[in-house]
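Please work through the following exercises with the sequence and the model open beside you, and try each task before reading its solution.

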Amino acid sequence: MTIRNPILRGFNPDPSIVRVGGDYYIATSTFEWFPGVQIHHSRDLANWSLAARPLCRASQLDMRGNPDSCGVWASDLSHAHGRFHLIYTDVKRYGRTTVDGAKGVSLRDFHNYWVWSDRIDGEWSDPVHLNSSGFDPALFHDDDGRSWLLNMLWDHRPDRKRFGGIVAQEIDLTTGRMIGERRVIFEGTPLGFTEGPHLYKRNGWYHLLVAEGGTERGHAVVMARARSLFGPYEAHPDGPVLTARDRPDAALQRTGHGDLVETPEGETWLAYLCGRPLPASDRCVLGRETAIQPMLWGGDDWLRPAAPQLEVPGPAGATPPIEARDAFTGPDLPMAFQWLRTPRPERLFSLTERAGHLRLYGRETIGSLFEQALVARRQQAFRYHAETSVEFVPEHFQQAAGLVCYYNSTKFHFLHLTADDAGRRLLQVLSVLPIGEGATTLSAPIYVDDGPIALRVEVDHEAMRFGFRSAADAAWQWLGETFDASLLSDEATLPGLPNFTGGFVGIACQDMSGGGLAADFRYFDYVEQDEPSR
Ligand code: 6LW
């Protein structure tokens, strides 16, 4: 079995892994993107496919108004008492920790919920609210039949550690009711930023796995153990069990936030979060991804890596490039696509109002935190092209529709059709300026004829270019400007703001007049070019 990391390419952070019989499942975070939570499936730990997106209706998740990079953080997937259990956080506010360097009060709102299902691809239950004391909740099912909810404790007080340790409280899994007091069981190591707890019991030891060091280059997977669930926990004598903080040469950076799984043969594997910064810009345009690492329990009951870490073993192409051509012929949105925040997609698009087309209704402006008609899929490779064909007849400058490379409400490059004051149709790019210089700018207008028009973007690491053509057999006409794709990355940001997602590519339509003018898209191609092996 050749494992080629990352096993889940592109924006797939905070993995939680579970095995049921011969089936492995990994749940990853989706933030402000709807539906919420991605669950991939594998039978061999090497080959994975998207199996479910469990949070798919208003009673489970409504993220309208959620800030960028909030929404669904670090879900936890487990299986116990004959059911799948999913615990997730809906982050409603991300107060900045420091303002101009001064450590202020950092108010944040995290709501933790529990849903369950008998089948991974079944209908998941409505949520039960558990607590709101911090993020990264996880369930631990003890061998005495009791279950415990763990999460990191958020301490907003200026003179305290924001990351106030790991708390545990018993949960009644028949009702979701919390039992007894919450107790801090582990305050973390000097690395700090203690989060992402998962608990395992083995040979009479409680083994606590946490993420520390922060989710950037100092990230680490840290373990500690105790004879009692409530501690005291003794940290691993070797320090972090996996980290790239001292390995600037490693192919996989930002490694942390892990979870363990055991194979039927008794091997132990660690699924963990990583990032692959582009060499030139040192920026992660694919966000944080999921990798996996074989581990080994020593005779001293401590866990250690069982193979070289952080490299990308296996032949190039072990995870073949994606070549997806979606013709929008069916009534349902292809599973690779998502939209932002709202549980009311029928307000944004229709796949039935015009047969063979995805119809987007012009709603709020691109970057709105409420109702923007933008449907997109993750960028999962450094080299790809995407293409669509759109029919759109704008009447004035407040109406726009087209092809977009999107990171968040302030970071995107949007090639769109609109109209001038005389109603003549034109193409422009609404594009983010280099971070810190302000928001966005408009490229020079290019007047185009009426009728369907094909739009194309080609991305090669940091370089992005847009093209268009009116007839299928015409040559592509490329815009003179090139655009900086690395601006659509976790690292390109003003300080103190959350940038936890990766880049997306898709289609969008806005009508600032409130008229809801629609745009019809006939297909969407997303085609990756193979990555040269390292
Ligand atoms: C997640 C936390 C983290 O909840 O980032 O890298 C947060 N680790 O554990 C958002 O992904």
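## Exercise 1: Thr-268 and its partner

The side chain of Thr-268 forms a polar contact with the side chain of Trp-297, at 3.3 Å. In this predicted model, place Thr-268 in its strand and decide whether Thr-268 is buried or exposed.

Solution. Begin with the secondary structure, where Thr-268 belongs to strand β22, which covers residues 268-275. Next take the relative accessible area of Thr-268, which is 6%; because buried means under 20%, Thr-268 counts as buried. Finally, list the surroundings: leaving aside residues up to four places away in sequence, Thr-268 touches Leu-260, Val-261, Glu-262, Gln-293, Pro-294, Met-295, Trp-297 and Leu-303. Trp-297 is therefore among the residues that Thr-268 touches as well as its polar partner through the side chain, with the 6% value marking Thr-268 as buried.

## Exercise 2: Asp-525 and Ile-435

Determine which side chain makes a polar contact with that of Asp-525, and then set the accessibility of Asp-525 beside that of Ile-435.

Solution. Asp-525 is located in strand β41, residues 518-528, and its relative accessible area of 10% makes it buried. The side chain of Asp-525 has a polar contact with the side chain of Arg-325, at 3.1 Å. Apart from residues up to four places away in sequence, Asp-525 touches Ala-324, Arg-325, Asp-326, His-385, Ala-386 and Glu-387.

Turning to Ile-435, this residue sits in the loop between β33 (425-432) and β34 (440-442). Its relative accessible area is 26%, and because partly exposed covers the range between 20% and 50%, Ile-435 is partly exposed. With residues up to four places away in sequence again left out, Ile-435 touches Lys-411, Leu-487, Ala-492, Thr-493 and Leu-494. As a last step, locate Tyr-523, which is 88 residues from Ile-435 in sequence and 32 Å from it in space, C-alpha to C-alpha.

## Exercise 3: The ligand and its surroundings

Which residues are around the ligand, and which distances separate oxygen atoms of the ligand from N or O atoms in the side chains of Asp-14, Thr-215 and His-257?

Solution. Start with the full set around the ligand, which consists of Asp-14, Phe-31, Trp-73, Ala-74, Phe-135, Asp-136, Glu-195, Thr-215, His-219, His-257, Leu-273 and Arg-288. Then go through the pairs: an oxygen atom of the ligand lies 2.6 Å from a side-chain N or O atom of Asp-14, for Thr-215 the value is 2.6 Å, and for His-257 it is 2.8 Å.

## Exercise 4: Pocket and cavity

Describe the largest pocket by volume and lining, and do likewise for the largest cavity.

Solution. The largest pocket has a volume of about 790 Å³, and 36 residues line it, with Tyr-94, Phe-163, Phe-193, Thr-215 and Phe-500 nearest its centre. Sorted by class, this lining comprises 13 nonpolar, eleven polar and twelve charged residues.

For the cavity, note that the structure holds one of 30 Å³ or more, and that the largest cavity has a volume of about 40 Å³. Its lining is made up of Ala-74, Ser-75, Asp-76, Asp-136, Pro-137, Ala-138, Gly-196, Pro-197, His-198 and His-257, to which β6 (71-80) and β16 (195-202) each contribute at least two residues. By class, these lining residues are four nonpolar, four polar and two charged.

How values were computed:
Residues are numbered from 1 along each chain as its sequence is written. This is a predicted model: local features need pLDDT of at least 70, side-chain atom pairs count only at pLDDT 80 or more; totals for chains, interfaces and linings use all residues. Side-chain values use heavy atoms; hydrogens and water are left out. On a 1 Å grid over the protein atoms alone, a cavity is a set of points where a 1.4 Å probe fits but cannot get out, and a pocket is an open set with protein on both sides within 12 Å along at least five of seven lines; lining residues have an atom within 4 Å of a point. Grid points are joined across faces, edges and corners, and a volume is the space filled by probe spheres set on the points. Helices (H or I, at least four residues) and strands (E, at least two) are DSSP runs, numbered from the N terminus. Ala, Val, Leu, Ile, Met, Phe, Trp, Tyr, Cys and Pro count as nonpolar, Asp, Glu, Lys and Arg as charged, and the others, Gly among them, as polar. Buried means under 20% relative accessible area, exposed over 50%, partly exposed in between (1.4 Å probe, protein chains only). Contact means heavy atoms within 4.5 Å. A residue is near a molecule or strand if one of its heavy atoms lies within 4 Å of it. A polar contact is a pair of N or O atoms within 3.5 Å; within protein, one must be able to donate a hydrogen and the other to accept it, and residues adjacent in sequence count only if both atoms are side-chain atoms.
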